[in-house]
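Please look over the sequence and the model before reading on. The text below takes up the ligand, then a pocket, then the cysteines.

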Amino acid sequence: MHCVVTGGAGFIGSHLTERLLNDGHTVTVIDNCSTGRTANLDHIAGSPDLTILIKDVADAFVTAAASDVRATTMNVGSDNTYSVDRLVELLGGDVEYIRKRPGEPDCTFADTTRIKELLGWQASVSFDDGVDKMLENISYWQAAPVWDKATIADATAGWFKYLKD
Ligand SMILES: NC(=O)c1ccc[n+]([C@@H]2O[C@H](COP(=O)([O-])OP(=O)(O)OC[C@H]3O[C@@H](n4cnc5c(N)ncnc54)[C@H](O)[C@@H]3O)[C@@H](O)[C@H]2O)c1
């Protein structure tokens, strides 16, 4: 099949592209590189290990595209909720707490009932294994921009415009 992946130079799209190529499809990537980087596609010629980082999401997309289900919204999620504290614990290193941002939810939890029922899909990579794999491959993000106080303030300026304490 010939597939078109919009946003294919982004994090999810680049791994979806890799999965489709591995499945034997031809792929055209359309991306305006507003947040994505063509470097995100370099790994397709490189480490196959990276696919596991986004394996579940790519699986869900491929399963949905191959199904007869149309015009329905389905959540893709782990079927669980994890705290930022737990993520920080797994990542290790020093911790600095900052004040809660206005409108920031205390907890988000994707309801995956529909995707399980309609597609029989569910996540297979555990949160801990996913973080482990990400840490093993952390050099992949070496060139990724790192937030500092100025750039995060700029990127989240809209939140403060519309949300109040
Ligand atoms: N990564 C996650 O954990 C996560 C979780 C939940 C939801 N999402 C959502 O999934 C989507 C993809 O996430 P991601 O992490 O891959 O983001 P990303 O920013 O890495 O990828 C998005 C890609 O779309 C491209 N793009 C944006 N506007 C475009 C346009 N008009 N034409 C062509 N290309 C365009 C960007 O350049 C980028 O490459 C986003 O909508 C994100 O909010 C991501």
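A polar contact is a pair of N or O atoms within 3.5 Å. With that cut-off in mind, turn to the ligand in this predicted model. A backbone N or O atom of Ser34 is 3.0 Å from one of the ligand's oxygen atoms, so the pair falls within the 3.5 Å limit for a polar contact. Gly36 also takes part through its backbone, where a polar atom is 3.0 Å from an oxygen atom of the ligand. At Asn32 a polar backbone atom lies 3.0 Å from a ligand atom as well, but here the ligand atom is a nitrogen.

How much of the ligand does the protein bury? On its own the ligand exposes 830 Å², and the protein buries 42% of that.

The residues around the ligand can be read off along the sequence. They are Gly7, Ala9, Gly10, Phe11 and Ile12, together with Asp31, Asn32, Cys33, Ser34, Thr35 and Gly36. Sorted by class, this shell has six polar residues, four nonpolar and one charged.

Thr35 and Gly36, which belong to the ligand's surroundings, appear again at the second largest pocket, among the residues closest to its centre. The volume of this pocket is about 310 Å³. Its lining has 13 residues, and those closest to the centre also include Arg37, Ala144 and Pro145. By class, the lining of the second largest pocket is made up of seven nonpolar, five polar and one charged residues.

Cys33, another residue around the ligand, leads to the question of cross-links. How many disulfides does the structure hold? The count is zero. For Cys33 the reason is distance: the closest cysteine sulfur is that of Cys3, and because 20 Å separates the two sulfurs, they are too far apart for a bond. A disulfide would need the pair within 2.5 Å.

Are Cys33 and Cys107 buried, partly exposed or exposed? Cys33 has a relative accessible area of 36% and is therefore partly exposed. Cys107 also counts as partly exposed, at 49% relative accessibility.

Note on methods
Residues numbered from 1 in each chain as written. Predicted model: local features only at pLDDT ≥ 70, side-chain atom pairs only at ≥ 80, totals over all residues. Heavy atoms only, no water. 1 Å grid on protein atoms, 1.4 Å probe; cavity = no way out; pocket = protein on both sides within 12 Å on 5 of 7 lines; lining within 4 Å. Points joined across faces, edges and corners; volume = space filled by probe spheres on them. Nonpolar A, V, L, I, M, F, W, Y, C, P; charged D, E, K, R; others polar. Near = heavy atom within 4 Å. Polar contact = N/O pair within 3.5 Å; in protein donor to acceptor, adjacent residues only side chain to side chain. Areas by Shrake-Rupley, 256 points an atom, 1.4 Å probe, with all protein chains shown as cover. Buried < 20%, exposed > 50% of the residue type's maximum accessible area, 1.4 Å probe, protein only.
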